[in-house]
Amino acid sequence: KEKIEITKEQQALMKIILDAYNRHQIPQDVAKKLLQDQYSAEENFLLLTEMATSQVQVLVEFTKNIPGFLSLDHEDQIALLKGSAVEAMFLRSAQVFSRKMPKGHTEVLEARIRKSGISEEFMTPMFNFYKSIGELHMVQEEQALLTAITILTPDRPHVKDQHAVERLQESMLDVLRKLCALQHPQEPQYFARLLGRLTELRTLNHYHTEMLTSWRMNDHKFTPLLCEIWDVQ
Ligand SMILES: O=C(NC1CCCCC1)[C@H](C1CCCCC1)n1c(-c2ccc(-c3nnn[nH]3)cc2)nc2ccccc21
């Protein structure tokens with residue numbers, strides 16, 4: 001039985017990533033708002049664009065704390081942020097959805113989201129993803145590392161120095177692999193299941209533009225930041 005050893009520098013890396021992740025949380029809790037009231041499709045779309053805009057801002061701050069990220073080519077830094085923003089949004093949404101809530105709240109939240117204005121065809125893939133993330137019962141460290149690994153995906157469009165990104169991602173993957181082995185000793189497949197979620201996340205990426213424009217309402221308004229990041233308008 002090989003002894004799994006998280007080195008001192010890996011512990012330091014994990015602490016930096018976790019602190020950054022916890023520091024950069026969405027200020028306003030969207031789940032609480034959704035549980036309080038029923039909103040129209042227009043109000044829900046506005047809420048989504050507000051939440052997504054502030055999430056992009058915190059994602060930039062989080063990313064700047066990833067050791068080595070600021071040493072990457074500047075255009076590659078932009079390409080990584082742009083390429084991962086939608087996946088980071090769905091990953092964050094999944095974590096919000098899977099959070100432990102009082103009895104019956106998750107069902108109400110799901111019902112509110114199902115009636116928010118998103119078109120039916122995207123409900124299944126979106127909730128399948130949320131539930132598959134929920135089943136993993138990830139600890140904070142795993143969530144933070146998974147977000148960093150998603151951002152450091154080398155094969156995003158327009159990334160020039162993919163090897164430099166690969167090296168950063170690999171060091172995150174190595175810490176995550178060891179953490180999974182320590183946190184879930186009975187589940188040797190756990191790390192592989194975690195990475196499998198990233199593949200599911202990419203499929204949501206493909207749906208995204210169609211998902212946005214198919215909200216049951218006309219005149220979808222976006223913030224300037226979202227126009228940049230979401231390739232809309
Ligand atoms: O605000 C939200 N998510 C923020 C969470 C924190 C990070 C930034 C995004 C939306 C709600 C907006 C208001 C109407 C209901 C959904 N949301 C979504 C969601 C739904 C559709 C699209 C989408 N993308 N393109 N078209 N529709 C994206 C996200 N999934 C959620 C799961 C739990 C809690 C909130 C959730």
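The ligand of this predicted model sits in the largest pocket, where a pocket is, on a 1 Å grid over the protein atoms alone, an open set of points with protein on both sides within 12 Å along at least five of seven lines, and sitting in it means that more than half of the molecule's atoms lie within 2 Å of its grid points. Around the ligand stand 22 residues (each with a heavy atom within 4 Å of it), and the closest are Val30, Ser93, Tyr130, His208 and Trp215.

Three side chains have an N or O atom within 3.5 Å of a ligand nitrogen, the cut-off for a polar contact.

| Residue | Distance to a nitrogen atom of the ligand |
|---|---|
| Ser93 | 3.4 Å |
| Tyr130 | 2.7 Å |
| His208 | 3.2 Å |

The protein covers 100% of the 700 Å² of accessible area that the ligand has on its own (Shrake-Rupley method, 1.4 Å probe).

Helices, taken as DSSP runs of H or I with at least four residues, contribute to this shell: H2 (30-36), H3 (41-64), H4 (74-98), H6 (123-134) and H9 (190-213) each supply at least two residues, and H4 gives the most, with six. By residue type, the shell divides into 16 nonpolar, five polar and one charged.

The mean pLDDT, the predictor's confidence in each residue from 0 to 100, is 93 for the protein, with 98% of the residues at 70 or more; the lowest confidence is in H2, at a mean of 90, and the highest in H8 (residues 162-183), at 97. For the complex, the predictor gives an ipTM of 0.99 and a pTM of 0.96.

Residues are numbered from 1 along each chain as its sequence is written, and side-chain values use heavy atoms, without hydrogens and water. Local features need pLDDT of at least 70 and side-chain atom pairs 80 or more, while totals for chains, interfaces and linings use all residues.

Technical notes:
Polar contact = N/O pair within 3.5 Å; in protein donor to acceptor, adjacent residues only side chain to side chain. 1 Å grid on protein atoms, 1.4 Å probe; cavity = no way out; pocket = protein on both sides within 12 Å on 5 of 7 lines; lining within 4 Å. Nonpolar A, V, L, I, M, F, W, Y, C, P; charged D, E, K, R; others polar.
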